[in-house]
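The following exercises concern a ligand site and the backbone of one protein model. Each task is followed by a worked solution.

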Amino acid sequence: MPQNAKLQSRHLLGLQHVPAEDIQLILHWAGHFKEVINRPIKRVPSLRDLTVANLFFENSTRTRLSFELAEKRLSADVVNFSASTSSVKKGETLNDTVSNILAMKVDLVVIRHSEAGVAHFLADRVPAHIVNAGDGTHEHPTQALLDAFTMQERIGSLEGKKVVIVGDILHSRVALSNIFGLQKLGVHVAVSGPSTLIPRAISELGVEVIDHLDDALEWADVANVLRVQHERMDRAFFPSIREYHKRYGITMERLNRLKQVPLILHPGPINRGVELTSEVADSPYAAILNQVENGVAVRMAVLYLLASQSAPQNVV
Ligand code: CP
């Protein structure tokens, strides 16, 4: 991978239109930054004198902390905005909030919002580099990149591998970004979940639907298990949590029946006892905390590569 290779876009808004070579470039740099964050001195000066604003209009634990840590490890100046403690509560519009933050000379903006398309809206209006940290049910590109990085770390090259995404596909931005990203890396992607939570047009994306979870787990090298997103459900999509767990919950009993157990991923937060039992979540089959660790390295790679488009950033 050439050291001076650059991303083709100034923003990371989603993976749908990101070429495979840019995904490979991010994963390559993530490997480098993973090595950096495991050194005794974990900080590099790559983003020194640059300012990053983390704008979180929707709740987050992992993504927000992970971006903040990534920015600090790269020596950026960091400002954090949370809608719940801001003037949004006094009626300020998104446009005004962002204009005010940018007037403070911010170079990169990381944004999470409950509405799909907000990251694109900003990218069309502001001079900073924009990173989508999750927009509604649309995309969550850095989650999919850290998922791919973790899979690659655990099972090797993803070319020709099989990944099943399990559960609430309908409301999931993680599912869509995984589908776009993994297919570009040569992965066969399938989904498995209640038919009410599988979008009707999923096959148009080249994604197979496997109705029975046991068949899906037998087929897959990796199962990326999604959270049931109650907060996005305006009606009942399945009879009960108990019924959901019975049909689509990953249990040790279920895994023990397989010829080979797939690697288990979950983007978090987990509803323990619903999508996964604690026994599975905390077992060596699961890579959930590896995903969290890798999230910092992947986000360092994204921020570094975006920032290096504006100015040479050779110090890593
Ligand atoms: N995976 C993920 O996006 O988690 P958070 O909502 O806690 O950021």
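**Exercise 1. Identify which residues surround the ligand, and classify them.**

Solution. The residues near the ligand, with a heavy atom within 4 Å of it, are S60, T61, R62, T63, R112, H140, Q143, P267 and G268. The model is predicted: local features need pLDDT of at least 70, side-chain atom pairs pLDDT 80 or more, while totals for chains, interfaces and linings use all residues. Residues are numbered from 1 along each chain as its sequence is written, and side-chain values use heavy atoms, without hydrogens and water.

Next, sort the shell: 1 residue is nonpolar, 6 are polar and 2 are charged. Here Pro counts as nonpolar, Arg as charged, and Gly among the polar residues.

Finally, assign domains, whose bounds come from an automatic or database assignment. Domain 1 (20-139 + 293-307) and domain 2 (141-292) each supply at least three residues of the shell.

**Exercise 2. Describe the polar contacts of the ligand with S60, T63 and G268.**

Solution. A polar contact is a pair of N or O atoms within 3.5 Å. In the side chain of S60, an N or O atom is 2.6 Å from a ligand oxygen. For T63, a polar side-chain atom also lies 2.6 Å from an oxygen of the ligand. G268 uses a polar backbone atom, 3.3 Å from a ligand nitrogen. Of the 260 Å² of accessible area that the ligand has on its own, the protein covers 90% (Shrake-Rupley method, 1.4 Å probe).

**Exercise 3. Determine whether the peptide bond from G268 to P269 is cis or trans.**

Solution. The bond is cis, with omega near -10°.

Definitions and conventions: Polar contact = N/O pair within 3.5 Å; in protein donor to acceptor, adjacent residues only side chain to side chain.
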